[in-house]
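Thanks for coming, everyone. I have a few minutes on a structure that is new to most of you. Please have it up in front of you as I talk.

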Amino acid sequence: VLSFLLGCLNVINRTINFQATKYLGTNSGCLMNYIVASIASFCILVVYPDARFTIQDFSSAPVYLYLGGVFGVIAFFLNITSLQKLNLFQSGIMILIGQLIASFLLDFMFGYTFSITKIVGILILTIGVIYDAERHIDSYRERFEASKSVSMKVDLLDKINDDFYDV
């Protein structure tokens, strides 16, 4: 249930943050997101009764654990950038495929077992996303080529922009 809720919140989060970048730009939007998230995290840390907050805890953690924040910023930036090229559904599927492949590889590296069904599932998802993207591109290409006038082509380009870049 928590994983399902996390998936729903991720989509809402991506949508809101993408809209914010329209006002602030990608870099400033990313910075704003992490400043607000840091403030919210600090508030939760202060309010949550079992939370520990000591400098010793932070200084005793191995340095590589701080890379989680770096990867988080990179992931956020790539996420927002992908929404400028893909619609929300396509972006979500591509993120899911990336997560599945990365999880599969990390499980393999750490000695967990894997099955052929996992590989087949990832391949089916990937083929479906590629097929969907190609279908949309071919449809727009055919309509563009069939357009007789410049104004019809401009209208179609506006429609393509609305379909692929607006969330």
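Lys22 is partly exposed, with a relative accessible area of 46%. Find Lys22 in helix α1, which covers residues 2-24. Now look across to Gln84. Lys22 and Gln84 are 62 residues apart along the chain, yet their C-alpha atoms are separated by 10.0 Å.

A word of caution before we go on. This is a predicted model. The mean pLDDT of the protein is 78. Of its residues, 81% reach 70 or more. Confidence is highest in helix α2, residues 26-47, at a mean of 87. Confidence is lowest in helix α7, residues 150-165, at a mean of 58. Where pLDDT is low, the predicted coordinates should not be read in detail.

Now the overall layout. How many helices and strands does the protein have? Seven helices, zero strands. From the N terminus on, the order is α-α-α-α-α-α-α. The protein has 167 residues, and 16% of them count as buried.

Let's take α2. This helix has 22 residues. At 1.5 Å a residue, α2 should span 32 Å. The end C-alpha atoms of α2 are 31 Å apart, so the span agrees. Which residues of α2 are buried? Thr26, Gly29, Cys30 and Asn33. These four cover an arc of only 95° around the axis, which puts them on the same side of α2. Turn to the other side of α2. There, Asn27, Leu31, Ile39 and Val46 are exposed.

Next, α4, residues 67-83. Helix α4 has 17 residues. From first C-alpha to last, α4 reaches 24 Å, close to the 24 Å expected at 1.5 Å a residue. The buried residues here are Phe76, Asn79, Ile80 and Leu83. Their arc around the axis is only 90°, which puts them on the same side of α4.

Stay with Leu83 for a moment. Is Leu83 buried or exposed? Buried, with a relative accessible area of 0%. Leu83 also pairs up in space with a residue from far back in the numbering. The C-alpha atoms of Leu83 and Arg14 are separated by 8.4 Å, with their positions 69 residues apart along the chain.

What about the face of α4 turned away from its buried side? That face carries the exposed residues Phe71 and Leu78. Phe71 and Leu78 also belong to a nonpolar patch on the surface. The other members are Tyr64, Leu65, Leu67, Val70, Ile74 and Phe77. Together, the patch has about 810 Å² of accessible area. Take Phe77 as one of its members. Phe77 lies in helix α4. Phe77 is partly exposed, at a relative accessible area of 33%.

One last stop: helix α5, residues 88-109, where you will find Gln90. Why does Gln90 count as buried? Because its relative accessibility is 6%, and buried means under 20%. Gln90 and Ile130 are 40 residues apart in sequence. In space, C-alpha to C-alpha, Gln90 and Ile130 are 9.7 Å apart.

To recap. We have a predicted model with seven helices and zero strands. Helix α2 keeps its buried residues on the same side, and α4 does so too. Keep the mean of 58 for α7 in mind as you look around. That's my time; over to you.

Conventions
Residues are numbered from 1 along each chain as its sequence is written. This is a predicted model: local features need pLDDT of at least 70, side-chain atom pairs count only at pLDDT 80 or more; totals for chains, interfaces and linings use all residues. Side-chain values use heavy atoms; hydrogens and water are left out. Helices (H or I, at least four residues) and strands (E, at least two) are DSSP runs, numbered from the N terminus. The expected span of a helix is 1.5 Å times one less than its number of residues. Buried means under 20% relative accessible area, exposed over 50%, partly exposed in between (1.4 Å probe, protein chains only). The arc is that of the directions from the helix axis to the C-beta atoms. Patches are made of residues with over 30% relative accessible area and no salt bridge: like charges are joined within 9 Å, nonpolar side chains (Val, Leu, Ile, Met, Phe, Trp, Tyr) within 5 Å. Accessible areas come from the Shrake-Rupley method with a 1.4 Å probe; for residues, only the protein chains shown count as cover. A salt bridge is a side-chain nitrogen of Lys or Arg within 4 Å of a carboxyl oxygen of Asp or Glu. pLDDT is the predictor's confidence in each residue, from 0 to 100.
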